[in-house]
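Got the viewer open? Then let's take a walk through this one, stop by stop.

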Amino acid sequence: LLPNGLQRGITLGVSGVGARSLALALMARATETGSWVVVVGDGDLGLAAAAEVGVALKRLIVVNAPDPKQWAPVVAAFVGSVDLVLVSPRHRPLMAEVRRLAARCREGGSILVYLSPRVGHPLDDWPGRLDFQFFINGAAWVGLDVVPNAGSDMNQDRLRVRRIDVSVNGRGLPSEGRRDTLFLPGPEGIPVRA
């Protein structure tokens with residue numbers, strides 16, 4: 001979707017059904033390559049799910065949602081210090097706050113990922129300009145596997161992969177953006193094209 005991958009110093013937003021799956025995939029890729037990731041304010045993040053898709057928990061810092069007045073200073077403390085900062089504020093940040101955070105990303109080389117807290121909602125709840133906007137147009141669980149249950153004669157059915165249709169718009173992309181279908185996670189724990 002991004003010919004040059006995620007470049008340092010950018011801001012991006014992820015929204016739609018399955019947005020957290022894509023955010024986890026971005027986090028997994030970052031921690032796999034030795035980067036640190038901070039998650040600020042995403043109370044729905046499951047650490048077991050993160051580990052299952054390949055996020056190295058030893059490189060993950062999770063911060064509870066700060067008070068809206070303290071949100072920007074808390075996020076700013078990590079931007080520039082940590083490679084990838086994922087935020088999911090439960091309030092609408094101020095335009096001045098997100099502009100300062102974007103400037104800190106450019107200066108410090110962090111990637112700021114905004115995970116929209118409203119499922120299926122476009123990214124218009126973020127007041128500033130994002131370098132890239134990812135929108136999950138549709139998602140479905142596929143690949144029912146029957147896994148033998150250890151110590152039991154019973155089998156356990158498990159859904160293994162989420163298929164998402166994702167589009168991305170932003171800086172340096174064609175005006176119509178790009179669109180693709182991905183499996184999250186793929187066989188190696190990272191997104192693969194369907």
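Start with the whole chain on screen and its contacts in mind. Among contacts between residues at least 6 apart in sequence, 64% join residues at least 24 apart. Keep in mind that this is a predicted model. Color by secondary structure and you should find four helices and nine strands. Reading from the N terminus, the elements go β-α-β-α-β-α-β-α-β-β-β-β-β. Of the 194 residues, 45% count as buried.

**Stop one: helix α3**

Select residues 68–78, which make up α3. Which residues of α3 are buried? Show side chains for W71, A72, V75, A76 and F78, and you have them. Now look down the axis: these residues cover an arc of only 160° around it, so they sit on the same side of α3. What do they pack against? The partners are β2 (37–40), β3 (60–63), β4 (84–87), α4 and β5 (111–115).

Slide to the N-terminal end of the helix and pick D67. It caps α3, with a side-chain oxygen 2.9 Å from the backbone nitrogen of K69. Then go to the other side of the helix in sequence: just after α3, G80 takes a positive phi of about 95°.

While you're there, click on S81, in the loop between α3 and β4. Is S81 buried or exposed? With a relative accessible area of 60%, S81 is exposed, since the cut-off for that label is over 50%. Its side chain reaches back to the backbone oxygen of A77 at 3.3 Å. Draw a C-alpha to C-alpha distance from S81 to R104 as well: the two are 23 residues apart in sequence and 10.0 Å apart in space.

**Stop two: α3 against α4**

R104 leads us to the next helix. Add residues 95–108, helix α4, to your selection. The axes of α3 and α4 come within 10 Å and cross at roughly 5°. That angle is under 35 degrees, which means α3 is roughly parallel to α4.

To see the contact itself, show W71, A72, V75 and A76 from α3, with E97, L101 and R104 from α4. By type, the contact residues divide into five nonpolar, no polar and two charged.

**Stop three: V87 in β4**

Next, select V87, in strand β4. V87 is buried, with a relative accessible area of 0%. Which residues does V87 touch, leaving out those up to four places away in sequence? Expand the selection and you'll pick up V40, W71, V75, L112, V113, Y114, L115 and W126. W71 and V75 should look familiar, as both belong to the buried set of α3. For V113, check the C-alpha to C-alpha distance: V87 and V113 are 6.2 Å apart in space, with their positions 26 residues apart in sequence.

**Stop four: D125 and its polar contacts**

Move to the loop between β5 and β6 and pick D125. At 11% relative accessibility, D125 counts as buried, because the cut-off is under 20%. Its side chain makes a polar contact with the side chain of Y114 at 3.1 Å. The D125 side chain also makes a polar contact with the side chain of S116, again listed at 3.1 Å.

Swing over to S116, which lies in the loop between β5 and β6. S116 counts as buried at 8% relative accessibility. Back on D125, widen the view to everything it touches beyond four places in sequence: R92, Y114, S116, P117 and R118.

**Stop five: F132 in β6**

Follow the chain into strand β6 (132–148) and stop on F132. F132 counts as buried at 9% relative accessibility. Not counting residues up to four places away, F132 touches L2, I10, T11, L12, G13, V168, N169, G170, R171 and L173. Measure to one of those, V168: the C-alpha atoms are separated by 6.7 Å, while the residues are 36 apart along the chain.

**Last stop: S175**

Finish in the loop between β7 (155–170) and β8 (178–184), where you'll find S175. S175 counts as exposed, at 74% relative accessibility. Show its side chain along with that of E176, and you'll see a polar contact of 3.4 Å joining the two.

Definitions and conventions. Residues are numbered from 1 along each chain as its sequence is written. This is a predicted model: local features need pLDDT of at least 70, side-chain atom pairs count only at pLDDT 80 or more; totals for chains, interfaces and linings use all residues. Side-chain values use heavy atoms; hydrogens and water are left out. Axes are lines fitted to C-alpha atoms, for helices over the stretch in contact, and angles run from 0 to 180 degrees between N-to-C directions. Helices (H or I, at least four residues) and strands (E, at least two) are DSSP runs, numbered from the N terminus. Angles under 35 degrees count as roughly parallel, over 145 as roughly antiparallel, 65 to 115 as roughly perpendicular and the rest as oblique. Contact means heavy atoms within 4.5 Å. Ala, Val, Leu, Ile, Met, Phe, Trp, Tyr, Cys and Pro count as nonpolar, Asp, Glu, Lys and Arg as charged, and the others, Gly among them, as polar. Buried means under 20% relative accessible area, exposed over 50%, partly exposed in between (1.4 Å probe, protein chains only). The arc is that of the directions from the helix axis to the C-beta atoms. A polar contact is a pair of N or O atoms within 3.5 Å; within protein, one must be able to donate a hydrogen and the other to accept it, and residues adjacent in sequence count only if both atoms are side-chain atoms.
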